[in-house]
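Colleague: Before I use this model, I would like to go through the labels attached to it and hear the reasoning for each.

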Amino acid sequence: MEIITITTEYIKLQDLLKLAAATATGEAKLLVQEGEVLVNGEVCTMRGKKLRPGDVVDALGQRYGVQYAD
């Protein structure tokens, strides 16, 4: 699992996918809208879903965890 560290209260799902370099801007939108992304084990079709530390995202065969910067 790749850990994505944030310094804000939350990160939006599409922004996490772009930050992790999992997708390009347009691809992130399509992946989410087509139900190809799981958040905490459930399909999520909301691009603006707010992710906080402890959340886990699965996309394109990769897993990403969210945590705050120390």
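The exchange below takes the salt bridges, the sheet, the core and the rings in turn.

Modeller: Keep in mind that this is a predicted model.

Colleague: How many salt bridges are there by this rule?

Modeller: The count comes to three.

Colleague: What makes Arg52 and Glu9 a salt bridge?

Modeller: Their side chains meet at 3.3 Å, N to O. The cut-off is 4 Å between a side-chain nitrogen of Lys or Arg and a carboxyl oxygen of Asp or Glu, so the pair of Arg52 and Glu9 qualifies. The two lie 43 residues apart, with Arg52 in the loop between strand 5 (50-51) and strand 6 and Glu9 in the loop between strand 1 and strand 2 (11-12).

Colleague: Why is Arg52 called partly exposed?

Modeller: Its relative accessibility is 32%. Buried needs under 20% and exposed over 50%, so Arg52 falls in between.

Colleague: Where do Lys18 and Asp15 lie?

Modeller: Both are in helix 1, three residues apart, which is about one turn of the helix. Their side chains form a salt bridge at 3.5 Å, N to O. At 31% relative accessibility Lys18 is partly exposed, and Asp15, at 31%, is partly exposed too.

Colleague: For the salt bridge of Asp58 and Arg63, what is the N to O distance?

Modeller: The distance is 2.8 Å, and the limit is 4 Å, so Asp58 and Arg63 count as a salt bridge.

Colleague: Is Asp58 buried or exposed?

Modeller: Asp58 has 17% relative accessibility; the limit for buried is under 20%, so Asp58 counts as buried. Arg63, at 43%, is partly exposed.

Colleague: In what order do the strands of the open sheet stand?

Modeller: The order is 1-7-6-3-4, five strands with mixed pairing.

Colleague: What makes strand 1 and strand 4 (42-43) edges?

Modeller: Each has a single partner strand, so one side of each has no neighbour in the sheet.

Colleague: How do you know that strand 1 pairs with strand 7?

Modeller: Five bridges join them, and the rule asks for at least two, so strand 1 and strand 7 are paired. They run parallel. Ile3 has Gly65 of strand 7 as its bridge partner, while Ile6 stands opposite Tyr68 in strand 7.

Colleague: How many bridges join strand 6 to strand 7?

Modeller: Four, and these strands run antiparallel. Val57 stands opposite Tyr64 in strand 7. Strands 6 and 7 form a hairpin with two residues between them, and Leu60 in the turn has a positive phi of about 50°.

Colleague: How many residues are in the largest nonpolar core, and which have the most contacts inside it?

Modeller: It has 18 residues, and those with the most contacts inside it are Leu13, Leu16, Leu17, Val37, Leu51 and Val57. The elements giving two or more residues to this core are strand 1 (2-6), helix 1 (13-19), helix 2 (25-33), strand 6 (56-59) and strand 7 (62-68). Leaving aside residues up to four places away in sequence, Val37 touches several residues, including Leu13, Leu17 and Val57.

Colleague: Why is Lys50 said to sit over the ring of Tyr10?

Modeller: The charged end of Lys50 is 4.7 Å from the ring centre. The distance limit is 6 Å, and the position must also be within 35 degrees of the ring normal; the distance fits, and Lys50 is listed as sitting over the ring.

Colleague: How many aromatic pairs does the structure hold?

Modeller: Zero.

How values were computed. Residues are numbered from 1 along each chain as its sequence is written. This is a predicted model: local features need pLDDT of at least 70, side-chain atom pairs count only at pLDDT 80 or more; totals for chains, interfaces and linings use all residues. Side-chain values use heavy atoms; hydrogens and water are left out. A nonpolar core is a set of buried Ala, Val, Leu, Ile, Met, Phe, Trp, Tyr and Cys residues joined through side-chain atoms within 4.5 Å. Buried means under 20% relative accessible area, exposed over 50%, partly exposed in between (1.4 Å probe, protein chains only). Contact means heavy atoms within 4.5 Å. Rings of Phe, Tyr and Trp (its six-membered ring) pair if their centres lie within 6.5 Å; planes under 30 degrees apart count as stacked, over 60 as edge-to-face and the rest as tilted.
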